[in-house]
Amino acid sequence: MAEVALRGAPERGFGRSMSQQRRMSRTVMYTIVFFLLVLFGFPLYYMLIASLMTQAESYAWPPLLYPKSWVFGNYPEMLSRVPFLQWFWNTAVIAFFQVIGATASSTVVAYGFARFRFPGRNILFLITLGTMMFPGQITLIPQFIMFHRLGWLNTFYPLIVPGFFGGGAFNIFLMRQFIMQLPREFDEAALIDGASYLRTFVSVLLPLVKPAVATVAIIVFMGSWNLFMEPLIYLTSNKHFTLAVGLRFWDAQPAAGELTLTHLMMAMCVLTAAPCILLFFAAQRVFVRGIVMSGIKG
Amino acid sequence: MTVAVRERTVTPGLAGALSRVLKRSPTEIREATWGIVFVSPWILGLMMFTLGPILASLYFSLTEFDILGVPRYVGGENYITALNLGNVIPAFAEIKGDRLTYTAIGKTLVYAGVTVPIGTAGSLLLAVLLNQGLRGTYLYRTVFFIPHLIPSIASVYLWKFLMHPRIGFINSMLDSIGVTGPGWLNDPKSAMASVIIIGLWSSIGGNRMLIFLAGLQGVPQELYEAAELDGASSWHRFWHVTLPMISPTVLFNVILGVIGALGVFTVAFAGTKGGPSYATWFFALHIYRQAFEYFRMGYGSALAWIYAVGVLLFTWVQLRASRSWVFYAGGN
């Protein structure tokens with residue numbers, strides 16, 4: 001299914017029999033698409049060019065459509081004003097451990113759900129699905145209190161540790177769907193040959209679920225990179241901030257009568273967004289497959 | 001596993017004892033034990049980070065708790081305050097109500113009421129366009145999707161810049177055609193609309209669009225051919241073939257869309273701080289303020305419970321209502 005999603009579909013629908021009418025409706029469609037491209041693309045373009053303007057240019061009236069001076073120096077200047085590299089590192093560390101926790105743990109748990117019969121399995125799985133519908137706000141306050149008691153505020157633990165316990169309902173669900181598609185004969189053969197469950201899991205199943213692991217890894221990475229509310233709550237000191245939380249610096253910056261340093265803020269926005277966009281280009285197939293699997297088979 | 005052989009031979013040890021008590025073969029018991037072992041991280045996680053906190057939150061909601069001291073039991077007072085019941089029930093008249101709760105509920109419902117229908121229809125429209133085999137489809141899909149990849153706080157700041165009342169790009173465009181632009185995020189009259197625009201921009205081309213696209217591609221081609229032979233126009237084909245066939249996908253997207261929209265936070269937090277004059281005072285922001293700025297954990301928990309019950313109610317109503325309009329091709 002995901003493979004199909006990547007190509008344009010075969011032509012269908014919309015007046016195929018009458019070529020005159022068809023050409024017209026094609027023209028209409030290309031017009032709509034062009035309009036939408038501007039709508040979605042222009043703000044992105046504007047973010048990029050504003051990051052290359054001088055401050056005066058970014059506040060020029062009327063606004064410029066392209067930078068006159070191409071100030072690439074905005075980027076080093078931004079780096080010198082905020083601990084961007086520190087924040088980048090923090091974000092990367094958190095994302096790394098979230099990915100490890102979620103992939104490792106959801107694979108193990110999903111194997112349990114997909115291949116074993118045990119009392120309470122179905123009800124447990126239903127509860128798992130139910131938690132996806134449950135708004136996270138309700139667990140936020142008790143979790144905060146718990147992490148406060150543990151002395152974990154202003155550390156990365158609150159963001160990292162929970163992922164190692166199951167890896168989240170969504171990822172378990174995704175992984176279970178994937179494992180259930182695999183033919184049972186593979187692991188049954190290993191079991192009949194006398195391999196233990198653990199051994200079957202490691203040497204038969206793990207190699208087969210690699211694509212699903214990649215999918216979960218990418219989805220978790222992107223979610224983690226863009227996480228805002230949790231780091232905002234748990235990380236209070238400047239040097240522990242993630243990029244999303246650190247970005248607020250530019251909003252609070254101007255003293256009375258001064259303009260925001262929007263050009264530098266946009267430079268940081270570009271660099272903050274870049275990893276996810278690059279990853280999307282690099283691993284589009286894997287990513288799209290995961291999203292599609294979650295929606296269609298659900 | 002299916003290979004399980006129902007042996008009734010006497011096996012020594014704990015497994016043997018268990019198998020005799022439960023009248024299950026040792027193989028079955030071994031399978032169940034290993035199943036539970038594999039699932040156990042999640043059982044622990046569910047207890048520690050979901051079910052436990054949900055129960056704890058129910059308890060905290062009945063207390064006054066500033067996180068440093070000990071929770072002080074106050075009964076239903078937080079709920080009376082939150083829902084402003086003092087005005088309605090004379091017995092509670094001395095408990096001062098929180099006027100902002102209903103503001104928050106109202107603003108959140110407006111936001112969801114606008115973004116979910118427009119967002120779902122918009123995502124479907126994009127998916128349909130991407131499914132026409134137009135030249136450059138790959139490029140279009142990427143451009144539509146990228147706004148979803150930008151951290152939400154970055155897109156808020158970007159739009160704040162574009163929507164700047166005096167020197168922003170949008171108002172300069174409006175100015176050049178002789179229209180005086182609104183104050184966007186700075187004006188109580190236009191703040192909600194601005195927040196909605198930002199929310200839609202970053203989500204219409206996102207996951208929802210990809211899920212719709214896959215749904216559209218799963219509709220069997222023969223159905224279209226049959227409809228075409230019957231002389232159905234392209235609009236009819238969309239309405240009577242495509243929509244019923246993808247209705248489960250629509251339901252999925254609407255339910256997740258509602259949950260997401262009711263939880264709107266970052267746009268208001270970073271873009272308007274809930275203002276101006278509470279024009280974008282969403283519920284998640286209301287909870288955040290009480291819990292993490294004033295550290296009123298008890299009151300915040302009560303608000304969170306009111307919120308959660310509301311969200312679950314919404315989901316339940318949608319699932320009920322879906323029986324009349326969702327069509328499962330497989331029977332089911």
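**Exercise 1. Find out which residues A:Leu247 touches, leaving aside its neighbours within four places in sequence, and place it in the core.**

Step 1. Start with chain A. In this predicted model, A:Leu247 is in contact with A:Met268, A:Cys269 and A:Thr272, once neighbours within four places in sequence are left aside.

Step 2. Now look across to chain B. There, A:Leu247 is in contact with B:Ile153, B:Ala154 and B:Tyr157.

Step 3. Turn to the largest nonpolar core, which has 158 residues. A:Leu247, A:Met268, A:Cys269, B:Tyr157 and B:Phe282 are the members that touch the most other members.

Step 4. Ask who gives the most to this core: helix α5 (residues 84-115) of chain A does, with 12 residues. Both domain 1 (13-77) and domain 2 (82-296) of chain A give residues to the core, so it lies between them.

**Exercise 2. Decide whether A:Thr272 is buried or exposed, and describe its surroundings.**

Step 1. Locate the residue: A:Thr272 sits in helix α16 (residues 262-282) of chain A.

Step 2. Count the C-beta atoms around it. There are 24 others within 10 Å. The cut-off for buried is 20 or more, so A:Thr272 is buried.

Step 3. List its contacts, again leaving aside neighbours within four places in sequence. A:Thr272 is in contact with A:Leu247, A:Leu243, B:Pro151 and B:Ala154.

Step 4. Check one distance. A:Thr242 is 30 residues away from A:Thr272 along the chain, and 9.9 Å separate their C-alpha atoms.

**Exercise 3. Do the same for A:Gly136: is it buried or partly exposed?**

Step 1. You'll find A:Gly136 in the loop between α6 (121-133) and α7 (137-149) of chain A.

Step 2. Count again: 17 other C-beta atoms lie within 10 Å of A:Gly136. Buried needs 20 or more and exposed needs 12 or fewer, so A:Gly136 is partly exposed.

Step 3. For a distance, pick A:Ile219, which is 83 residues from A:Gly136 along the chain. Their C-alpha atoms are 18 Å apart.

**Exercise 4. Work out how the two domains of chain A meet.**

Step 1. Mark the domains: domain 1 of chain A covers 13-77, and domain 2 covers 82-296. Taken over C-alpha atoms, their centres are 32 Å apart.

Step 2. Look at the contacts between them. On the domain 1 side there are 12 residues, and they are in contact with nine residues of domain 2 of chain A.

Step 3. See where the domain 1 side comes from. α2 (19-50), α3 (55-58) and α4 (74-81) of chain A each supply at least two residues.

Step 4. Sort that side by residue type: six are nonpolar, five polar and one charged.

**Exercise 5. Describe how chain B touches chain A.**

Step 1. Take the contact counts: 85 residues of chain B are in contact with 84 residues of chain A.

Step 2. Find the top contributor on the chain B side. That's helix α2 (residues 26-60) of chain B, with 20 residues.

Step 3. Split the chain B side by type, and you get 59 nonpolar, 24 polar and two charged residues.

**Exercise 6. Describe the build of each chain.**

Step 1. List the elements. Chain A has 17 helices and zero strands, while chain B has 15 helices and two strands.

Step 2. Check burial. Of the 298 residues in chain A, 43% are buried; for the 332 residues of chain B, the share is 42%.

Step 3. Look at contacts between residues 6 or more positions apart. In chain A, 74% of them join residues 24 or more apart. In chain B, 61% do.

Step 4. Test the shape of chain B. Its radius of gyration is 27 Å, but a compact globule of 332 residues would be near 20 Å. Along the principal axes, the C-alpha atoms of chain B fill a box of roughly 90 × 70 × 35 Å.

Step 5. Zoom in on helix α9 (residues 207-217) of chain B: 11 of its 11 residues are buried. Among them are B:Arg208, B:Phe212 and B:Gln217.

**Exercise 7. Judge how confident the predictor is.**

Step 1. Read the chain averages. Chain A has a mean pLDDT of 84, with 89% of its residues at 70 or more. Chain B averages 86, and 94% of its residues score at least 70.

Step 2. Look for a weak stretch. Over residues 1-17 of chain A, pLDDT stays under 50.

Step 3. Finish with the complex: the predictor gives an ipTM of 0.84 and a pTM of 0.86.

Methods:
Residues are numbered from 1 along each chain as its sequence is written. Chains are lettered from A and ligands numbered from 1 in the order in which they are written. This is a predicted model: local features need pLDDT of at least 70, side-chain atom pairs count only at pLDDT 80 or more; totals for chains, interfaces and linings use all residues. Domain bounds come from an automatic or database domain assignment. Two residues are in contact if their C-beta atoms, placed from the backbone, lie within 7 Å. Helices (H or I, at least four residues) and strands (E, at least two) are DSSP runs, numbered from the N terminus. Ala, Val, Leu, Ile, Met, Phe, Trp, Tyr, Cys and Pro count as nonpolar, Asp, Glu, Lys and Arg as charged, and the others, Gly among them, as polar. The radius of gyration is taken over C-alpha atoms; the globule rule is 2.2 Å times the number of residues to the power 0.38. A nonpolar core is a set of buried Ala, Val, Leu, Ile, Met, Phe, Trp, Tyr and Cys residues joined through C-beta atoms within 7 Å. pLDDT is the predictor's confidence in each residue, from 0 to 100.
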